[in-house]
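Dear colleague,

Please find below the structure that I am handing over to you, with its sequence. My findings follow directly after it, and I would be grateful if you would read them with the model open.

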Amino acid sequence: MNQDQLKQMVGEAARDEVLKLSAGQILGVGTGSTANCFIDALAPHKDHFAGTVSSSNATTERLLKHGFKVLNPNDVVSLPAYVDGADEIDPAGHMIKGGGGALTREKIIASMAKQFICICDSSKQVPVLGNFALPVEIIPLAQGIVTRELEKFGGKVSLRLAKNTRPDLNQTPSEPFATDNGGWILDVAGLKISDPLKMESQINQIAGVITVGLFAKEKVNILLVSNAAGVERIAF
Ligand code: 5RP
């Protein structure tokens with residue numbers, strides 16, 4: 001079974017999970033290739049939900065294409081669940097997210113939701129976070145000072161460059177990757193994150209940081225994780 005099939009399988013499991021929610025509510029929807037599988041699997045059941053809130057422009061576009069209603073988060077007061085992927089997840093349910101650059105809106109929507117339903121394949125499960133470079137979204141003019149502050153944590157900091165992943169912005173690979181919020185991303189490689197809650201709070205306090213891609217405060221509530229044997233459901 002290849003990774004695409006594993007993503008599809010867990011996307012379908014997440015569809016079944018959210019269809020257990022009573023009808024007529026709003027659903028939070030994440031960003032990335034696994035979240036895309038979930039959106040595609042849920043599309044035939046879109047009328048079960050009164051609408052969605054989206055964590056990125058790319059997700060909004062996909063949701064609208066399928067005919068989902070996409071609401072402004074400011075107009076939403078109750079969100080029973082948020083479904084999204086992860087780049088790494090530890091045994092306590094803390095995650096690294098932001099590989100796709102949508103970490104800030106992802107964290108905002110996650111903070112609104114009663115339940116974070118994380119969907120991934122088992123390659124994302126790690127004993128300690130940090131093999132995946134930690135994304136930090138920053139205000140562009142703070143790149144220098146934030147880089148120096150982040151280096152104090154012991155990792156190697158690099159500015160993420162555009163990979164032609166944003167054709168809408170007409171960016172070239174030598175330019176910084178720009179987020180949906182106009183921020184830049186610093187990726188911190190080589191960390192061993194043994195206390196994710198503490199590191200999340202410390203990095204969030206650096207002036208110029210918009211959001212760190214550590215989801216320790218907003219950790220997972222239900223993990224759906226796929227491997228060749230099927231999908232396992234773990235409640236935290
Ligand atoms: C985007 C994210 C994604 O959830 C994360 O990168 C996982 O993506 P994928 O499902 O494509 O592996 O945090 O900002």
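A polar contact is taken here as a pair of N or O atoms within 3.5 Å. Please also bear in mind that this is a predicted model.

With that cut-off in hand, I begin with the ligand. An oxygen atom of the ligand lies 2.9 Å from an N or O atom in the side chain of Lys-97. The side chain of Lys-124 also takes part, with one of its N or O atoms 2.7 Å from a ligand oxygen. At Gly-85 the partner belongs to the backbone: a polar backbone atom of this residue is 3.4 Å from an oxygen atom of the ligand. In total, 16 residues surround the ligand. The closest of them are Ser-33, Thr-34, Asp-87, Gly-98 and Lys-124.

Ser-33 and Thr-34 also appear in the packing of helix 1 against helix 2, where both are on the helix 2 side of the contact. Helix 1 covers residues 3–18 and helix 2 residues 33–42; their axes come within 8 Å and cross at roughly 55°. The two helices are therefore oblique to each other, and their crossing is right-handed. On the helix 1 side, the contact is formed by Lys-7, Gln-8, Val-10, Gly-11, Glu-12, Ala-14, Arg-15 and Val-18. Helix 2 contributes Cys-37, Phe-38, Ala-41 and Leu-42 in addition to the two residues named above. By character, the residues of this contact comprise seven nonpolar, four polar and three charged.

Helix 2 has a further partner in helix 3, which spans residues 57–66; the axes are 10 Å apart and the angle is about 15°. That angle makes helix 2 roughly parallel to helix 3. From helix 2, Asn-36, Ile-39 and Asp-40 make the contact, and from helix 3, Thr-59, Arg-62, Leu-63 and His-66. Two of the residues in this contact are nonpolar, three are polar and two are charged. Here, too, the crossing is right-handed.

Finally, I draw your attention to His-48, in the loop between helix 2 and strand 2, the latter being residues 49–54. The side chain of His-48 reaches the backbone oxygen of Leu-21 at 2.6 Å. Leaving aside residues up to four places away in sequence, His-48 touches Val-18, Leu-19, Leu-21, Ser-22, Ala-23, Gly-24 and Gln-25. Val-18 is also one of the helix 1 residues that meet helix 2.

Yours sincerely

Key: Residues are numbered from 1 along each chain as its sequence is written. This is a predicted model: local features need pLDDT of at least 70, side-chain atom pairs count only at pLDDT 80 or more; totals for chains, interfaces and linings use all residues. Side-chain values use heavy atoms; hydrogens and water are left out. Axes are lines fitted to C-alpha atoms, for helices over the stretch in contact, and angles run from 0 to 180 degrees between N-to-C directions. Helices (H or I, at least four residues) and strands (E, at least two) are DSSP runs, numbered from the N terminus. Angles under 35 degrees count as roughly parallel, over 145 as roughly antiparallel, 65 to 115 as roughly perpendicular and the rest as oblique. A crossing is left-handed if the near helix is turned anticlockwise from the far one by less than a right angle, and right-handed if clockwise. Contact means heavy atoms within 4.5 Å. Ala, Val, Leu, Ile, Met, Phe, Trp, Tyr, Cys and Pro count as nonpolar, Asp, Glu, Lys and Arg as charged, and the others, Gly among them, as polar. A residue is near a molecule or strand if one of its heavy atoms lies within 4 Å of it. A polar contact is a pair of N or O atoms within 3.5 Å; within protein, one must be able to donate a hydrogen and the other to accept it, and residues adjacent in sequence count only if both atoms are side-chain atoms.
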